[in-house]
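Reader: Hello! I am new to this structure and would love a close look at one part of it, with some of the surroundings added afterwards.

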Amino acid sequence: MNIKYDSNDIILENVKCLDLDLTLDCGQAFRWVKNKDNSWSGVVKGVYLNISKNGDTVILRNTTKESYENIWKDYFDFEKDYTAICNTLKQDKLIAPTVDEYYGIRILNQDSWEVLCSFVISQQNNIKRIKGIIDRLCRTYGDEICDGYFSFPSAEKLSTLTVEDFEALGTGYRAKYLEKLSKAVAGGAIDFEKIKALPLDDARKELLKIYGVGIKVANCALLFGFGFYDAFPVDVWMKRVMAYYPDGLPQCFDGIGGIAQQYLFHWARNNL
């Protein structure tokens, strides 16, 4: 991959295995917006980005070299060899055609706090409603970064809210979970860096101690916001997929089961 810096734009050449539509709209992140020119816009860690792709060339607009090094390089995992990962997954004959069909799905390395909140909101919810609730949360309590784009509010900011404040955003029964979660994180009772340093099973146990966090939310948070690529969330779609693996997951999924899960999840939503 080659990197060119051009005024406020960063141009990445020879970027393999990245489909922006599949990656940004597959249910792992909820705040990216697709524009009429097929580019995508969003805010990560309080920084706005417009990103587009033409062939193997990715253009990051309205950003800086510092933001690329501190945020975008890791967020999009530009330095990970996804081509090699996909080739490893394709050792399993069942997933091989799915990888070919939906080639380019990546796991985004998102902010732990935003991911945990988002997937607490996601419980018993559809993607359209999840996006609506999170958008209202950010517009009401986040900071406007640029026209119509807001930061995700901090735990400290949300810790001042009541259950009723969260309910007013349309969170329903999840309001009480968000109220307690915000206060626990703001008060230091939940240490994200400590959880990231644990083995997967121990990290999962820590998240399951949180009020309102069940096994699916915990695994989603671990995969999308804590760097555990072997976390394997199972929802109603994945339960159907698991019927195709009666003897358990194949060995080629070891360590990258979460990436395999995203391909299988996308296939299930479109075919089952």
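How do the axes of helix α11 and helix α12 cross, and within what distance do they come?

Author: Happy to help, and please keep in mind that this is a predicted model. Helix α11 covers residues 200–208 and helix α12 covers residues 215–225. Their axes come within 9 Å and cross at roughly 125°. Because an angle of that size falls outside the parallel, antiparallel and perpendicular ranges, α11 counts as oblique to α12. The crossing in which α11 passes α12 is right-handed.

Now let us see which side chains and backbones meet there. On the α11 side, the contact is made by L200, A203, R204, L207 and L208. From α12 come I215, A218, N219, A221 and L222. Sorted by class, the residues of this contact are eight nonpolar, one polar and one charged.

One member of that list, N219, deserves a pause. N219 is found in helix α12, and its relative accessibility is 7%. N219 counts as buried because the cut-off for that word is under 20%. If you set aside the neighbours within four places in sequence, N219 is in contact with R204, A231, F232 and P233. R204 is also one of the α11 residues that make the contact with α12.

A second helix pair gives you something to hold beside this one. The axes of helix α3 (residues 82–89) and helix α14 (residues 257–271) come within 11 Å and cross at roughly 75°. That angle lies in the range from 65 to 115 degrees, so α3 is roughly perpendicular to α14. Here Y82, I85, C86 and L89 of α3 meet I259, A260 and Y263 of α14. By class, this contact has seven nonpolar residues, no polar ones and no charged ones.

Staying with L89 leads us to C252, which lies in the loop between α13 (236–242) and α14. Leaving out neighbours within four places in sequence, C252 is in contact with T88, L89, Q91 and D92. C252 and Q91 are 161 residues apart along the chain, yet their C-alpha atoms are separated by 6.6 Å. With a relative accessible area of 10%, C252 is buried.

Finally, have a look at the sheet. It is an open sheet of six strands with antiparallel pairing, in the order β1-β2-β6-β5-β4-β3. Its edge strands, each pairing on one side only, are β1 (2–6) and β3 (33–34). Strands in a sheet pair through backbone hydrogen bonds.

Start at the β1 edge. There β1 and β2 pair over five bridges in the antiparallel sense, and D6 stands opposite D9 in β2. These two strands form a hairpin with two residues between them. In its turn, S7 has a positive phi of about 55°.

Further along the order, β5 (residues 47–54) and β6 (residues 57–61) also pair in the antiparallel sense, over five bridges. Within this pair, N50 stands opposite R61 in β6. Helix α2 (residues 65–75) packs on the sheet, and its direction makes about 65° with that of β5. As it packs, α2 touches β1, β2 (9–13), β4 (40–44), β5 and β6.

To come back to your question, the crossing of α11 and α12 is at roughly 125°, with N219 among the residues that make their contact.

Terms used. Residues are numbered from 1 along each chain as its sequence is written. This is a predicted model: local features need pLDDT of at least 70, side-chain atom pairs count only at pLDDT 80 or more; totals for chains, interfaces and linings use all residues. Side-chain values use heavy atoms; hydrogens and water are left out. Two strands pair if DSSP finds at least two bridges between them. Helices (H or I, at least four residues) and strands (E, at least two) are DSSP runs, numbered from the N terminus. Contact means heavy atoms within 4.5 Å. Axes are lines fitted to C-alpha atoms, for helices over the stretch in contact, and angles run from 0 to 180 degrees between N-to-C directions. Angles under 35 degrees count as roughly parallel, over 145 as roughly antiparallel, 65 to 115 as roughly perpendicular and the rest as oblique. Ala, Val, Leu, Ile, Met, Phe, Trp, Tyr, Cys and Pro count as nonpolar, Asp, Glu, Lys and Arg as charged, and the others, Gly among them, as polar. A crossing is left-handed if the near helix is turned anticlockwise from the far one by less than a right angle, and right-handed if clockwise. Buried means under 20% relative accessible area, exposed over 50%, partly exposed in between (1.4 Å probe, protein chains only).
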